Amino acid sequence: MIDVICPTLGRPDKLAPLVENIHASTATPHTVYLVMETSDRDSIRAAEGLDTMDVIGSFGSCAKAVNGGYMASEDPFFAVINDDCKLHPGWDVNALAKFDESTHIVGLNDGSGDCKCFTLARRSYIEKHSGVYDRAKTVYHDGYASQCVDTEFAHYAQLRGVWADAPDALCEHVHWRFGKADRDHPNYIKAAETNAADLAEYNRRRDEWDPKHETPDCIPTT
């Protein structure tokens, strides 16, 4: 069983096709968790009647929303994606095939070949070892406003030797960087405003969990 956790903000028109895509592309028994802000009434209304579990709260950031979705979900594996993603058939089967006794977090291909942005993880590993170095049973560090969240999660897992890429597990990021979305969408503009602060936070934290800087630098993109 897989829980697909998807924070969403300000894209009510995308929710029905997003959920339809997740269900159509996922062969493994699964549940979709839409994580929404209490203030985002349009998205909450758009989610009514969809085949989802809805998690509503005052999160204020993607990291906090993902952590909220994780706490609300319960299946042995959970995926984290964005509301501007498109899953391709076979993504789940191909990603699950990468797990073994030492691999607990698998990176999905965002369509560019980069496998650090979206992930499938084993819940029991997060419950026992956490996804961050300084808080138990937590997926993402919630001190980031937007950027570097997934980068820390991926690089820390790689440093611990529990990570594998799954280039044949395609979670396409329909993003302006790839010419697939409007760069002027409010979500992208908002994310760009915190680039510098989030990078500074990443560098501060990496000095603690990776003092030798064995992992790559973080270059935040919106």
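What do the buried residues of α6 pack against? Keep that in mind while we walk through this predicted model, starting with the sheet.

The sheet is open and has eight strands, in the order β3-β2-β1-β4-β7-β6-β8-β5, with mixed pairing. Its edges are β3 (53–57) and β5 (85–87), each of which pairs on one side only. Going from one strand to the next, the twist averages 30°. For a parallel pair, look at β1 (residues 2–7) and β2 (residues 30–37), which are joined over six bridges. Within that pair, Val4 sits opposite Val32 of β2.

Now move along to β7. This strand is largely enclosed by the rest of the structure, because five of its five residues are buried. Phe118, Leu120 and Arg122 point one way while Thr119 and Ala121 point the other, and every one of them is buried. That fits the usual pattern: in a regular strand, side chains alternate between the two faces of the sheet. On one flank, β7 runs antiparallel to β4, with four bridges joining the two; here Phe78 has Ala121 of β7 as its bridge partner. The pairing of β6 with β7 is also antiparallel and uses four bridges, and in it Gly107 stands opposite Thr119 of β7.

Next come the helices lying on the sheet. α3 lies across β1, β2, β3 and β4 (77–80), and its direction is at about 150° to β1. The loop leading from β3 to α3 holds Phe59. With a relative accessible area of 16%, Phe59 falls under the 20% cut-off, so this loop residue counts as buried. Setting aside neighbours within four places in sequence, its contacts are Val35, Met36, Glu37, Lys64, Ala65 and Gly68. Gly10 is 49 residues away from Phe59 in sequence, and their C-alpha atoms are 14 Å apart in space.

The other helix to follow is α6, which lies across β6, β7 and β8 and runs at about 160° to β8. Helix α6 (residues 149–159) is mostly covered, with nine of its eleven residues buried. Those nine are Val149, Asp150, Thr151, Glu152, Phe153, Ala154, His155, Tyr156 and Ala157. Here is what the opening question was after: the buried residues of α6 pack against α3 (62–72), β6 (105–109), β7 (118–122), α5 (123–129), β8 (163–173) and α8 (195–209). After the helix comes Gly161, with a positive phi near 75°.

Of those partners, α8 is worth a closer look. The axes of α6 and α8 come within 12 Å and cross at roughly 15°. A crossing angle under 35 degrees counts as roughly parallel, so that is how α6 sits relative to α8. The crossing is right-handed. On the α6 side, the contact is made by Thr151, Glu152, His155, Tyr156 and Leu159, and on the α8 side by Tyr202, Arg205 and Trp209. Sorted by class, this contact has four nonpolar, two polar and two charged residues.

Finally, zoom in on Thr151, a residue of α6. Thr151 has a relative accessible area of 14%, so this residue is buried. Apart from neighbours within four places in sequence, Thr151 is in contact with Tyr202 and Cys218. Tyr202 you have already met, as one of the α8 residues in the contact with α6.

Notes: Residues numbered from 1 in each chain as written. Predicted model: local features only at pLDDT ≥ 70, side-chain atom pairs only at ≥ 80, totals over all residues. Heavy atoms only, no water. Buried < 20%, exposed > 50% of the residue type's maximum accessible area, 1.4 Å probe, protein only. Contact = heavy atoms within 4.5 Å. Pairing = 2+ DSSP bridges. Axes fitted to C-alpha atoms, helices over the stretch in contact; angles between N-to-C directions. Parallel < 35°, antiparallel > 145°, perpendicular 65-115°, else oblique. Left-handed = near helix turned anticlockwise from the far one by under 90°. Nonpolar A, V, L, I, M, F, W, Y, C, P; charged D, E, K, R; others polar.
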